[in-house]
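Trainee: Could we go through this model together? I will ask, and you reason each point through.

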Amino acid sequence: MTAMRKTILVACGTAVATSTVVAKSIEEILRDRGIDVVTRQCKASEVANMTSGVDLIVTTTPLQGNLGVPVIQTLAFLTGMGKEAVIEQIIQALKV
Amino acid sequence: MNILDLLVPSSVALHYTAADSKDVITHLGKRLFDAGYVRDTFVDAALDRESRLPTGLPLSGDVNAAIPHTEVEHVMKPGLAMATLSAPVTFQNMISPEEAVPCQLVFVMALDQPKAQIEMLQEIAGILQDPAVISDLMSASDFEAVRAVLLKGRA
């Protein structure tokens, strides 16, 4: 059901490069596990205005304030370190 | 599109001796400018971005990397510069900017539109996750050797 499809907001410094890699990587890994997600990308500075309809925020750069959405801060999709643990964290946070 | 299509041979500096992170960003940025890939505002923009939003990445092996880049308006066409350093210089950690990361491998990315060049970015991430490829890159002494490592890494 597409209505159940979860949305992940991926944030990085400039929303040019880093979040692209992270978003693509998350989509592919979750799809391989049968979990269908939509990703959106934005700059860290834009996150506060982008949380509508978002189930989870994954960021590679520090975020300010309480955003009212779960936040996972990780470099694992760039460096590979701790990737399995982060994927589990994401799945937990999405409650899928 | 893959990493070798975007890697600019004249913008690859091997065993470069850098004074600090500014030195290596400036050096690679100037090479990209000389090769016609970026505007004359690129170096200052990349330095400014790095100071606000650092790009140091601690990796699993002995070598850490940094991926400086900046907004698309400073870029004329997509390209990639790379430096291996004779000794590490300090970048700040992307995820916790107060933390220093000694980096010896630097990719300066010139991207002309957001969310583009995905394959290239994924290949860079693939390299960062493979200590054997990084080790081979660090010992490469000319562009042909770099090319061979990147071709092999993809196989």
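Trainee: What is the mean pLDDT of chain B?
Mentor: This is a predicted model, in which local features need pLDDT of at least 70, side-chain atom pairs count only at pLDDT 80 or more, and totals for chains, interfaces and linings use all residues. Residues are numbered from 1 along each chain as its sequence is written, while chains are lettered from A and ligands numbered from 1 in the order in which they are written. pLDDT is the predictor's confidence in each residue, from 0 to 100. In chain B, 97% of residues reach 70 or more, and the mean is 94.

Trainee: Which element of chain A has the highest mean pLDDT?
Mentor: Chain A as a whole has a mean of 93, with 97% of its residues at 70 or more. Elements here are DSSP runs, numbered from the N terminus: helices (H or I, at least four residues) and strands (E, at least two). The lowest mean among those of chain A is 94, for α1(A). The highest, 98, belongs to β3(A).

Trainee: What ipTM does the predictor give the complex?
Mentor: Two scores are given for the complex. The pTM is 0.93. The ipTM is 0.88.

Trainee: Which element gives the most to the side of chain A that touches chain B?
Mentor: Contact means C-beta atoms, placed from the backbone, within 7 Å. The contact takes 23 residues from chain B and 18 residues from chain A. On the chain A side, α1 (18-32) and α2 (76-79) each supply at least two residues. With three residues, the element that gives the most is α1(A).

Trainee: How far apart are the end C-alpha atoms of α1(A)?
Mentor: The expected span of a helix is 1.5 Å times one less than its number of residues. α1(A) has 15 residues, so it should span 21 Å. The model agrees, with the end C-alpha atoms apart by 22 Å.

Trainee: Which helix of chain B helps cover the buried residues of α1(A)?
Mentor: A residue is buried if 20 or more other C-beta atoms lie within 10 Å of its own, exposed if 12 or fewer, and partly exposed in between; these atoms are placed from the backbone. Buried residues of α1(A) include A:Val21, A:Val22, A:Ile26 and A:Leu30. Their cover from chain A includes β1, β2 (37-43), β3 (56-59), α2 and α3 (83-94). From chain B, it includes α4 (118-128).

Trainee: Is A:Arg5 buried or exposed?
Mentor: A:Arg5 lies in the segment before β1 (6-12) of chain A. Beyond its neighbours within four places in sequence, A:Arg5 contacts A:Asp36, A:Val37 and A:Val38. Because A:Arg5 has 12 C-beta neighbours inside 10 Å, it counts as exposed.

Trainee: Which residue of β4(A) stands opposite A:Thr59?
Mentor: Strands pair if DSSP finds at least two bridges between them. β3(A) pairs in the parallel sense with β1(A) over four bridges, and with β4 (71-73) of chain A over three. On the β1(A) side, A:Val10 has A:Val58 as its bridge partner. In β4(A), the residue opposite A:Thr59 is A:Gln73.

Trainee: Which strand of chain B gives the most to the largest nonpolar core?
Mentor: A nonpolar core is a set of buried Ala, Val, Leu, Ile, Met, Phe, Trp, Tyr and Cys residues joined through C-beta atoms within 7 Å. The largest has 75 residues, and B:Ala65, B:Leu80, B:Val106 and B:Val108 touch the most other members. The strand that gives the most, with eight residues, is β5 (residues 100-110).

Conventions:
Two residues are in contact if their C-beta atoms, placed from the backbone, lie within 7 Å.
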